Structures are given as C-alpha cells and as structure tokens.
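Reader: Before I rely on the terms used for this model, I should like to see each one set against its definition.

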2 protein chains.
Amino acid sequence: MTVAQKILDAEKTMGSGKSVESFTIGQLSRETGCKVPTIRYYEQIGLLPEPGRSAGNQRVYGQQHLSRLAFIRHSRELGFSQAEIRQLLELSDHPDQPCAEINAIAQKHLDEVNHRISRLESLKAELERMVHACQGGKVEDCRVIDTLADHAHGNCLTAEH
Amino acid sequence: MTVAQKILDAEKTMGSGKSVESFTIGQLSRETGCKVPTIRYYEQIGLLPEPGRSAGNQRVYGQQHLSRLAFIRHSRELGFSQAEIRQLLELSDHPDQPCAEINAIAQKHLDEVNHRISRLESLKAELERMVHACQGGKVEDCRVIDTLADHAHGNCLTAEH
DNA sequence: CTAATGTCTCTAGTAACTATAGCTTCAAGA
DNA sequence: TCTTGAAGCTATAGTTACTAGAGACATTAG
C-alpha cells in the first residue's frame, strides 16, 4: 500500500465496498477540464480544501475534491463569481439552515442571466445584420463600425474621416 | 475665448456652422457612462487618442472623442475584447480596404455570442428550476447545490456530509 | 537505471479595470 | 477679490480570475 493510499484511506472510505479512488493533480485536471495551475490557485484562495500529500510531497486528491472542483468549474462556466461560489459552498457546508439565502443568490443570478441573454440577443441581431450587410464591399460601405457607434449615441465614427 | 476653446477650434471645426463642442473628462464621463479613470486608462493603452490640454493641463475633448469613446463602450458592453476593438478601430481608420476582415471579426463574434446564448439559456432553465424547487426548505433539501455539482460530472456535493 | 514526464514552489504577467494619495486647477458665491 | 469645494492631475497599487515561466524534486515506463 502506497503512502498516498494510506493517506486517502485515513481521509475517507466511501459508501461502496470498493477501494478508494485517489487522483494526482494531473488526473484531477483531466477529469474536470480545469488546468493544473488553476487547481493550485483554487486551493490557494481557499475554494478547494488542501488535499493530502504523498511521501514525495505531491497532492493526493479524493472523490470529494473531484466533486467540489467539478462544482466550482461548472459554477464558473455558468458565470457565478468566486464570491458567489464561496457563498454557495459555505451554505452547502451547513445544510441545516433554511435555503432562502441560496434561493436569493440563484434568483439574483437568474435576473442577471435574463439581462445578459436579452443583451446578447440584440447583439446577435446586430451582428447578423452586419455580416449580411457587409458582403465583399469596402470598409467605408461597411455598417459594422457605424452600427457600433450609432447604437451608443447616434454618432457615426466614420464621419471623422 | 478660453484656451480650451482655442485648442479645440484649432483641432476641429465640424460641418455645421455652430460653435465647436468641447468636453471636460467629467462631461465625457457623464455623456458616455464611462468612469473618469477608465477614460484615462483607455488613453493610456492607446484606445482613445490623447486629447488637447487646457492652459491648466486638463484634458479637453471634442466630438470625435465622444464618438470614439461611445464606440468603445458599446463594443465592450457587447463583449468585444480590447484587442477586437483595436482591430475594428484600425480598420475603420483605413476605409479603403475590403471589409472581409471586419466581417470575419463579426462572424467569429457571432459564433461566440450564439454559444454564450445557448449556455445562458440552459443556465436560465436550471436556475428557474432551482428557484422553484427550493421553496422555504432547508439546504439539505435544496437542489441548487446538487444541480451545480451534478451537471458537471454526475456527482453530488452534498453527499460529502 | 535512465530518460521523460509530472509535480513542486515561487514569482511575475495578463485583461480590464478600480481605488487611493496627494497635489493642482477651476468655477461660483461672499 | 478671496475663498472654498468640486473636479482634475499623476502615479502607484489593488482587484478578479486566472496563466506562464524558472528551476528543483518525484514518479514512472522502458
């Protein structure tokens, strides 16, 4: 039995009878799609708990780290900030509290998401218009620049020339 | 006539017969919704050209700065990076070139926007489900945490407790 | 056993700002 | 005219969320 396995055995034995899974930082990286330095960074800022170490001082992760990291990555991808993720993780560490707070975070985020979607939808419309309007012409006939200037304050950037 | 007006008169006289508009950095900020330090930052990184100065060394902006800053802010809001905006501005400064490049930037951005929209739409669905599922319960019954962990790799974070 | 790959720490760099400190300038009222 | 408070100046440092590099030690495949 390796030192790594010993450490992990001491740390955790999961529900099922089969042997505990452990991961190096590289394996964790491959599993979650999160880069190695980013994993260390999450540990540094306290989002991810410090894992056990092997005899050679290398990080040894367990299933719980995998879950937590996956949670963090997924949340980040969905646009939650580190602060929000921290809140969610803290709340999840105290499951006896009412979930009103979590609900508030989710609701606030939902509002933001709706706002972002509507802005992206109008951007999409503009971009599609641009791409169709600007077909093999010259820049002076291209509406991309105008569109971006116009929609801000009704001014035309190309008028400067 | 103030020194500021002199500088601006020398810089620019617009098509219409009326007197040239000039702005302090604060006015520019109010007009565009862009914070004062951000305007100075844009000048520093070369996105916004250096304006004239008053006798007392204060920045004096003209209409063209307003347009350009509005363009930058609008583009930023729509998610274009500084590098992309720089490209667009450079292209707009050479209006004799074919607009294929601008088109490519817009198309690339359109692809990204579509991707973002679809991810935000599924996030929206998840968040709505969360908000509805989590009604006055306790955290341990709340699906927000599970949802965020599950969708990453099918693991349940709360199982750690 | 050696070579290649992986991991370690530490420092510094990136994008896109934002804030602070300590000063000068400007505009408006007494 | 003086003064006082807002606005502006420069310069530096902090923020968020990473990413990259240097140089040393660990692990693993052949």
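The exchange below concerns the surroundings of one DNA strand and the confidence of one chain.

Author: This is a predicted model, in which local features need pLDDT of at least 70 and side-chain atom pairs count only at pLDDT 80 or more, while totals for chains, interfaces and linings use all residues. Residues are numbered from 1 along each chain as its sequence is written, chains are lettered from A and ligands numbered from 1 in the order in which they are written, and side-chain values use heavy atoms, with hydrogens and water left out.

Reader: What makes a residue one of those that surround DNA strand D?

Author: A residue is near a strand if one of its heavy atoms lies within 4 Å of it. For DNA strand D, 19 residues surround the strand, Arg76(A) and Gly26(B) being among the closest. Sugar and phosphate make up 88% of the strand D atoms that come within 4 Å of the protein.

Reader: Why is the approach of Tyr42(A) to DNA strand D called a polar contact?

Author: A polar contact is a pair of N or O atoms within 3.5 Å. A polar side-chain atom of Tyr42(A) lies 2.9 Å from a phosphate oxygen of DNA strand D, so the pair qualifies. For Arg53(B), a side-chain N or O atom is 3.1 Å from a phosphate oxygen of the strand.

Reader: How do you know how confident the predictor is in chain A?

Author: From pLDDT, the predictor's confidence in each residue, from 0 to 100. Chain A averages 72, and 65% of the residues score at least 70. Over residues 1–19 of chain A the pLDDT stays under 50.

Note on methods:
A polar contact is a pair of N or O atoms within 3.5 Å; within protein, one must be able to donate a hydrogen and the other to accept it, and residues adjacent in sequence count only if both atoms are side-chain atoms. Contact means heavy atoms within 4.5 Å.
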